[in-house]
Amino acid sequence: MTPVVLIGAGGHAKVVLEAIRAAGLYAPAGFTDIDPACRDLLGLARLGGDEALPRLRADGIAHAIVALGGNALRRRVAEMVRGLGFTLVNAISPAAAVSPSARLGQGIAVMAGAVVNADSDIADLVIVNTRAAVDHDCRIGRAAHLAPGCTLAGGVTVGAEALVGTGAAVIPGVTIGDGAVIGAGAAVVRNIPAGATALGVPARLRR
Ligand code: JB2
């Protein structure tokens, strides 16, 4: 099996690791984490900080996944990792349902119970977290995070690095701008501008 290095060893990395193990397409070779105290991730060993990555690449490990939950951090670290010559792989849980007509980029995590429906686009570095639902014709921008249990109806657009909070619901055709944050449990019934925070039912912009 093709070896893959995980970048990061926190809570998100645990779930990514188990999705990779369950899918059985890649063999986790270890992880890098900036915290030297972080020595073990569910039986996987620390290979060093990110300064170890050039050596790992030279040793023949060519695949990586950036398992960091923060959207901007994940995007920045992914640029660095790609710059070192790694190819980013996807961690797709076999307990997720991904439509054959959906288009997936690279470095994506789709967790158990998630659904990605027909003709949706999932850009690089997106997290479709546990039990999140993306219905048909959605467009999810680079390094966005759809948190556990959120629901996007058909034709929703989510901008790059946006966060749709846990349990939030978004009605059909709405656009959520780049970097916007949707609070947990919010009901989004109109477009949300880039960089805005929207909370509540129905969701209102935080002033
Ligand atoms: O630049 C980095 C870096 N920055 C932080 N490179 C590497 N290799 N590792 C880095 N880290 C490490 O990421 C930290 O030392 C820490 O071990 C880990 C972050 O762990 P934490 O559990 O705080 O966050 P997370 O990003 O794994 O998970 C968050 O996001 C998920 C989506 C949490 O909020 C989770 O609850 C959430 N499910």
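**Ligand site and sheet in a predicted model**

In this predicted model, the ligand is surrounded by 15 residues, and the closest of them are G11, H12, D33, D50 and G69. Sorted by character, this shell breaks down into 7 polar, 5 nonpolar and 3 charged residues.

Backbone atoms do some of the close-range work here. A polar backbone atom of G11 sits 2.9 Å from an oxygen atom of the ligand. For H12, too, the partner is an oxygen atom of the ligand, with a backbone N or O atom 2.9 Å away. T32 faces a nitrogen atom of the ligand instead: a polar backbone atom of T32 is 3.1 Å from that nitrogen. On its own the ligand has 770 Å² of accessible area, and the protein covers 61% of this. As for which elements supply the shell, α1 (11–23) and α3 (71–83) are the ones that give two or more residues to it.

Now for the sheet. It is an open one, built from 6 strands in the order β3-β4-β2-β1-β5-β6, and its pairing is mixed. The edges are taken by β3 (40–41) and β6 (87–88), each of which pairs on one side only.

Strand β1 (residues 2–7) has β2 on one side and β5 on the other in the strand order. With β2 (residues 26–32), β1 pairs in the parallel sense over 6 bridges; P3, for instance, has A27 in β2 as its bridge partner. With β5 (residues 63–66), β1 also runs parallel, and 4 bridges join the two strands. Here L6 can serve as the example, with I65 of β5 as its bridge partner. In general, strands of a sheet pair through backbone hydrogen bonds, either parallel or antiparallel.

Helix α1 comes back into the picture at this point: β1, α1 and β2 together make a β-α-β unit, and that unit is right-handed. So α1 is part of this unit and also one of the elements that give two or more residues to the ligand shell.

Turning to charged pairs, a search of the whole structure turns up 7 salt bridges. Side chains of opposite charge can pair when their charged atoms come close. One of the salt bridges is between the side chains of R142 and E79, at 3.9 Å from N to O. R142 is in the loop between β15 (139–140) and β16 (145–146), while E79 belongs to helix α3, so this pair ties together parts that lie 63 residues apart in sequence. Helix α3 is also one of the elements that give two or more residues to the shell around the ligand.

Technical notes:
Residues numbered from 1 in each chain as written. Predicted model: local features only at pLDDT ≥ 70, side-chain atom pairs only at ≥ 80, totals over all residues. Heavy atoms only, no water. Near = heavy atom within 4 Å. Polar contact = N/O pair within 3.5 Å; in protein donor to acceptor, adjacent residues only side chain to side chain. Areas by Shrake-Rupley, 256 points an atom, 1.4 Å probe, with all protein chains shown as cover. Nonpolar A, V, L, I, M, F, W, Y, C, P; charged D, E, K, R; others polar. Pairing = 2+ DSSP bridges. Right-handed = clockwise from strand over helix to strand, strands pointing away. Salt bridge = Lys/Arg side-chain N within 4 Å of Asp/Glu carboxyl O.
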